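Here's a quick briefing on the cysteines of this chain and on one of its sheets. Have the model open as you read.

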Amino acid sequence: MVVSLTGKAIIAVVILGVVGGMSVTIALIVMDNNKTQEPPPTTTAAPENDILYQVGVGIADMTGPCVEINFMGYADLGQSGQGLHLRQFARTFIFVKGNTRLVLVTAEVQAVGIAVRREVVRNLQVLYGDIYTLRNVIITGTHTHSAPGGHLVDFLLDISILGFSRETFDAYVDGITRSIRRAHANIGPARLYFSQSKVHNAHMNRSPFSYESNPQEEKEKYLRNVDDLLSQIRINRPDGSLAGVMNWFAVHTTSMNMTNLLISSDNLGYSALRMEAELNPGALPGRPTIVTGFFSSNLGDVSPNTRGARCEFSGAECDNQFLLCRAQERCFSQGPGVDMFDSTRIIGHAVFEGAMDALHYHGEELRGELAVVHQFVDMPAATAYKYDPVANTFDAEKPVNGCFAAMGYSFASGTIDGANTLNITQVSNTSA
């Protein structure tokens with residue numbers, strides 16, 4: 001059942017580190033009254049004086065070098081580009097209400113990083129002064145693992161790329177900047193509507209063994225060990241015409257596996273291109289009037305490779321935990337298609353269909369304030385109260401401290417969306 005809302009929604013934007021694959025988490029906090037949504041009525045023009053927001057949308061190509069450049073995501077030194085599957089695009093949505101301005105960008109790259117973001121902001125300030133800053137320009141990656149790296153300007157994150165790539169860095173900065181400039185140029189009155197739909201057969205939990213270690217009371221809150229909901233914001237102009245769509249769905253962009261040597265925006269990139277083609281008949285890819293952005297969501301241990309993991313050569317079932325491959329034979333997930341290109345299309349199309357379903361619900365109009373929450377945190381010096389995920393409370397009697405970043409045993413074991421040639425296994429506390 002698609003949920004309806006009570007009329008309140010808050011967009012909270014919190015900056016996180018890039019190690020997890022995203023430079024930002026965007027959370028939509030909504031109240032549910034458990035009513036189903038009705039199909040949308042005939043679209044009519046809205047009075048200008050009743051419209052709260054000014055919104056701009058923009059898109060630009062950000063594809064850089066396609067050959068002899070290593071990919072970011074699988075940390076495989078041998079995964080170097082040899083061509084192009086799907087181009088990379090940056091899609092921008094600018095929201096203005098009163099004196100508050102918010103820029104949200106979804107860029108088809110594994111992660112963004114503070115260096116790219118700082119350079120984009122510098123470019124914008126040359127053009128527009130200080131209306132765009134690190135405080136209100138939020139740039140996220142779709143988390144595709146088939147895009148060039150070397151742009152994060154961090155030793156640990158760029159080591160598998162064999163260092164910094166000026167060509168890639170400049171392509172990303174220039175493409176993201178152009179998308180924001182184009183969104184800035186068409187800012188105009190708009191209404192915002194929130195809706196949700198369910199996406200089926202598009203993902204699976206890639207570490208159910210780990211998930212089962214959660215408290216039983218917490219697991220009982222959910223029907224499945226993955227999130228089926230796709231959340232959407234629809235942007236309409238005063239005459240009722242559609243200007244843009246923003247979607248959030250939890251799935252890793254790893255349909256293109258680590259054997260791939262072609263630059264690709266993967267399944268969510270396919271979803272965006274497919275939806276833009278549907279809404280902009282005859283428009284060339286990358287040149288739509290109606291822009292559709294697909295953002296990273298709570299993807300965690302959520303894989304699009306629904307056939308599960310197999311050994312690279314023998315085809316034997318494996319899980320990097322109890323079932324291992326022979327020495328030097330990689331274990332990684334595949335499916336549901338006959339190859340990774342077919343799988344990218346199948347998963348991308350499933351997410352596209354979910355987005356189109358959400359588009360056909362009227363949804364609840366958003367009429368709240370805009371807010372941006374941004375903070376740089378010195379983690380080793382940070383203190384917070386311990387959180388209880390079952391009771392959804394913070395325990396003021398049990399403060400916890402942050403720590404320095406580290407990579408542990410579980411990092412070396414990898415996941416079934418990657419590969420583990422060293423046969424380092426995930427072991428539970430109860431295993432021998």
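The notes below take the disulfides, then the other cysteines, then the sheet.

Keep in mind that this is a predicted model. It has two disulfides, and counting the bonded cysteines along the chain gives the pattern 1-3, 2-4. There's also an open sheet of three strands to look at.

**The link of cysteine 311 and cysteine 325**

- Cysteine 311 is bonded to cysteine 325, with an S to S distance of 2.2 Å.
- The torsion about that S-S bond is -100 degrees, which makes the link of cysteine 311 and cysteine 325 left-handed.
- Cysteine 311 sits in strand 16 (residues 309–311), while cysteine 325 is in the loop between strand 16 and strand 17 (331–333), so this disulfide ties together parts 14 residues apart in sequence.
- Cysteine 311 is buried because its relative accessibility is just 4%, under the 20% cut-off.
- Cysteine 325 is buried too, at a relative accessible area of 8%.

**The link of cysteine 318 and cysteine 331**

- The other pair is cysteine 318 and cysteine 331, with sulfur atoms 2.1 Å apart.
- This link of cysteine 318 and cysteine 331 is right-handed, at 100 degrees about the S-S bond.
- Here cysteine 318 belongs to the loop between strand 16 and strand 17, and cysteine 331 belongs to strand 17, so the bond ties together parts that are 13 residues apart in sequence.
- Cysteine 318 has a relative accessible area of 4%, so it's buried.
- Cysteine 331 comes in at 1%, so it counts as buried as well.

**Two other cysteines**

- Is cysteine 66 buried or exposed? With 18% relative accessibility, cysteine 66 counts as buried, given that the cut-off is under 20%.
- Cysteine 403 counts as exposed because its relative accessibility is 57%, and exposed means over 50%.

**The sheet with strands 5, 4 and 9**

- Which order do the strands take in this open sheet? They run 5-4-9, with antiparallel pairing.
- Strand 5 (80–82) and strand 9 (147–148) are at the edges with a single partner strand each, so each has one side without a neighbour in the sheet.
- Strand 4 (residues 67–72) and strand 9 run antiparallel and are joined by two bridges.
- If you want a spot to zoom in on, phenylalanine 71 stands opposite proline 148 of strand 9.

Methods:
Residues are numbered from 1 along each chain as its sequence is written. This is a predicted model: local features need pLDDT of at least 70, side-chain atom pairs count only at pLDDT 80 or more; totals for chains, interfaces and linings use all residues. Side-chain values use heavy atoms; hydrogens and water are left out. A disulfide is a pair of cysteine sulfur atoms within 2.5 Å. Helices (H or I, at least four residues) and strands (E, at least two) are DSSP runs, numbered from the N terminus. Buried means under 20% relative accessible area, exposed over 50%, partly exposed in between (1.4 Å probe, protein chains only). Two strands pair if DSSP finds at least two bridges between them.
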